[in-house]
Amino acid sequence: MKKINWYPPIILGLLALLVITFGALVASRASLGPTQHFSEDGSRETFEWKLVTTWPKNFPGLGSAPERFAKKVEAMSAGRLKIKVYGAGELVPAMGVFGAVSDGAAQMGHGAAYYWKGKIPAAQFFTAVPFGLNAQEMNGWLHHGGGLELWEEIYAPFDLIPMAGGSTGVQMAGWFNKQINSVEDLKGLKMRIPGIGGEVLNRAGGTAVTIPGGELYTALQTGVIDATEWVGPFNDLAFGFHQIADYYYYPGWHEPGSILEFIVNKTAFEKLPPDLQEIVRTAARDANQDMLDEYTARNNRALKELVEKHGVRLKRLPAEVIAHLQKINDQIMEETAARDPQFARVYKAFKEFEREVIPYHQISEEAYYQARALKDSE
């Protein structure tokens with residue numbers, strides 16, 4: 001009987017098995033999608049980021065938003081991207097957030113764009129414009145009206161990517177230790193008020209200063225400032241301003257729909273695989289809406305406590321004062337646009353969207369509020 005040589009078939013079989021195994025491995029990785037990155041040992045690549053903020057650690061609303069964002073990113077990425085959040089002063093000073101993220105000392109920051117007006121005057125549009133868009137309109141402009149693309153463009157030279165990171169809605173005009181009955185009462189007033197609103201106060205005869213939130217109570221208590229705006233009842237109650245100020249004024253003419261921001265170091269962001277990049281963007285969008293939802297739910301409850309429990313004197317700014325501030329604001333906007341081409345470009349886009357959205361809101365949002373109020377007048 002002829003002896004059969006089994007070695008060639010065995011070798012061919014082993015080679016075939018090897019090819020099949022390799023193919024299966026490639027297919028399994030491909031099934032995870034092109035977004036899955038692996039380290040040298042074959043495990044999924046993980047990232048650890050630092051997020052610095054301009055707010056006190058875990059401060060209600062403003063400070064809790066980045067904490068929720070970080071938790072959501074870690075959960076959505078199954079732990080592949082972990083973000084440690086630092087409050088103001090823990091890693092960098094409150095007003096050092098922009099520089100720290102731009103330089104790469106931290107991968108992310110959370111704050112408000114108008115804090116950086118000294119570097120980029122046009123950045124103020126992406127927090128709030130006095131007498132401008134409200135929260136709903138700001139979100140519309142940013143996400144469906146071209147605003148976000150302009151924001152990205154002006155931050156690009158600083159190696160930064162901005163994302164909307166929360167909204168407070170319409171704010172309060174602030175806490176005062178004297179009544180504001182006329183335009184004359186603004187003269188000599190030293191007040192913490194940032195952004196374009198601060199420039200308006202300066203021209204009205206007051207003095208605007210920018211002080212981090214964590215220092216406001218002491219500044220107002222010791223007389224360093226005569227008045228301060230912060231956010232609204234939910235935050236202001238937590239800060240205890242009712243203990244040191246006599247009058248609480250509305251409406252927040254200077255911040256009708258304040259948007260907060262996440263800023264991301266562009267170099268660090270581009271090192272993330274595409275799926276993690278999308279997770280960061282999605283979690284930021286979620287945090288943006290979630291903050292507005294929380295303020296909507298909590299502000300009136302806090303205001304009721306301030307007035308009924310703590311005896312806060314709630315007052316409306318006189319129409320004469322509001323009209324005077326609005327006139328000054330229009331002058332400042334036009335003058336700044338005339339000397340700053342970048343500011344002018346964003347201003348033009350902002351006003352174009354405003355002209356589109358306000359007429360409809362006059363017959364929708366405003367008309368509905370008026371209709372709803374009719375039952376109270378009966």
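These legends accompany close-up views of the annotated binding-site residues in a predicted model.

**View 1. The four residues that UniProt lists as a binding site.** An unreviewed UniProt entry gives Q171, R192, E229 and E255 under "binding site". They are spread over 85 residues of sequence, yet they cluster in space, with a largest C-alpha distance of 14.2 Å. From this set, Q171 is part of the lining of the largest pocket.

**View 2. R192 and its surroundings.** Here we zoom in on R192, which sits in strand β6, residues 190-192. Its relative accessibility is 0%, so R192 counts as buried. Setting aside residues up to four places away in sequence, R192 touches Y115, V209, I211, L216, I225, A227, T228, E229 and W230. One of these contacts, E229, is also on the UniProt list.

**View 3. A polar contact of R192.** Look for the side chain of R192, which reaches the backbone oxygen of I211 at 3.1 Å. I211 is also among the residues that R192 touches.

**View 4. E255 and its surroundings.** This view moves to the loop between β9 (247-250) and β10 (259-265), where E255 lies. With a relative accessible area of 2%, under the 20% cut-off, E255 is buried. Leaving out neighbours within four places in sequence, E255 is in contact with Y114, T127, A128, G169, V170, Q171, P194 and E229. Among them, Q171 and E229 also appear in the UniProt "binding site" list.

**View 5. E229 beside R192 and E255.** To close, find E229 once more: R192 touches E229, and E255 is in contact with E229 too.

Note on methods. Residues numbered from 1 in each chain as written. Predicted model: local features only at pLDDT ≥ 70, side-chain atom pairs only at ≥ 80, totals over all residues. Heavy atoms only, no water. UniProt positions renumbered as here; feature names shortened; annotations may be inferred. 1 Å grid on protein atoms, 1.4 Å probe; cavity = no way out; pocket = protein on both sides within 12 Å on 5 of 7 lines; lining within 4 Å. Helix = DSSP H or I, 4+ residues; strand = E, 2+ residues; numbered from the N terminus. Buried < 20%, exposed > 50% of the residue type's maximum accessible area, 1.4 Å probe, protein only. Contact = heavy atoms within 4.5 Å. Polar contact = N/O pair within 3.5 Å; in protein donor to acceptor, adjacent residues only side chain to side chain.
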